[in-house]
Amino acid sequence: METTKFADQIRYYTMRELDNLGFGHFGGSLSIVETLAVLYGKVLNVSPERKDDPDRDYFVLSKGHAGPALYATLFLKGYFDEEFLYSLNQNGTKLPSHPDRIKTPGVDMTTGSLGQGISAATGIAKGNQLLGKSNYTYAIVGDGELNEGQCWEAFQFAAHHKLDHLIVLIDDNKKQLDGYTTDICDPFDFVEKMQAFGFNSWRVDGGDVMAIEEAVIQGKQVNGKPTAIVLDTIKGQGVLYFEELVDNHHVRPDEAGKIAIKEAIATLAEKIEVNQ
């Protein structure tokens with residue numbers, strides 16, 4: 001599947017499931033769409049038929065509030081059907097607002113408590129290293145999430161143990177729950193910080209699927225060091241209404257917002273050629 005089209009499909013179904021629910025984490029879900037398209041469309045050695053194969057690649061969505069985008073991706077890859085997708089956050093659902101590996105097919109690690117997912121991903125990578133496996137562990141972590149000190153303990157551990165089969169993707173969308181990351185706690189330069197912590201690291205355009213894919217390929221060629229790819233993204237990426245909305249972390253749309261969402265969904269539907 002062509003990766004840009006796959007990203008459009010993920011964005012469309014992410015918007016559909018959140019619109020169906022009526023509220024949710026629009027901003028942080030939309031900012032990782034292109035990254036998920038690359039991982040599940042080009043990179044990850046996974047499939048619904050091999051979801052429990054210990055030799056598969058592993059993916060951890062450390063910023064678990066972006067679960068709707070992951071669910072849309074898993075649906076498109078055949079892990080469950082469309083009706084299942086629209087059970088997001090409903091009573092008795094198997095698609096909670098944050099991923100749960102026990103409930104949701106294709107989810108490798110339960111996440112949502114910020115900071116903990118990256119520690120889990122590091123543990124998975126270390127376990128596979130001890131077993132002599134060649135599979136990779138990928139993790140998406142949020143820029144605001146990196147306020148958590150435990151992330152940096154995990155990074156130091158990963159570098160010390162030379163976990164070169166761990167690739168961390170930092171969603172630098174410039175915002176977190178309470179505002180801009182630079183106002184809450186200035187992160188300074190993520191690339192410089194990750195390099196100082198012993199990672200192979202650089203920044204790419206998080207809206208460019210080719211740039212993301214090339215960065216992952218480059219990271220996999222490095223031996224003896226984990227890789228951190230800093231994704232330059234926009235919170236609400238790909239949907240102008242959410243890009244321009246100041247408080248776009250968790251949104252309960254007003255009437256204007258509901259209209260904008262319907263318009264965005266219609267535009268995306270036309271783009272990917274689906275009937276609504």
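## Sheet and helix α7 at a glance

Leucine 61 has isoleucine 140 in β2 as its bridge partner. This is a predicted model, so here's the small print: local features need pLDDT of at least 70, side-chain atom pairs count only at pLDDT 80 or more, and totals for chains, interfaces and linings use all residues. Numbering starts from 1 along each chain as its sequence is written, and side-chain values use heavy atoms, with hydrogens and water left out.

**The sheet**
- Five strands (DSSP E runs of at least two residues, numbered from the N terminus, as are helices: H or I, at least four) make an open sheet in the order β1-β2-β3-β7-β6, with parallel pairing.
- At the edges sit β1 (58–61) and β6 (200–205), each pairing on one side only; pairing takes at least two DSSP bridges between two strands.
- β1 and β2 (residues 137–142) pair in the parallel sense over four bridges.

**Helix α7**
- α7 covers residues 149–160, and its twelve residues should span 16 Å at 1.5 Å a residue, counting one less than the number of residues; the end C-alpha atoms are 17 Å apart, which agrees.
- Cys151, Trp152, Ala154, Phe155, Ala158 and Ala159 are its buried residues (under 20% relative accessible area; exposed is over 50%, partly exposed in between; 1.4 Å probe, protein chains only).
- They span an arc of only 155° around the axis, which puts them on the same side of α7; the arc uses directions from the helix axis to the C-beta atoms.
- Over on the other side, Glu153, Gln156 and His160 are exposed.
- The buried residues of α7 pack against α6 (116–130), β3 (166–172) and α9 (190–196), with contact meaning heavy atoms within 4.5 Å.
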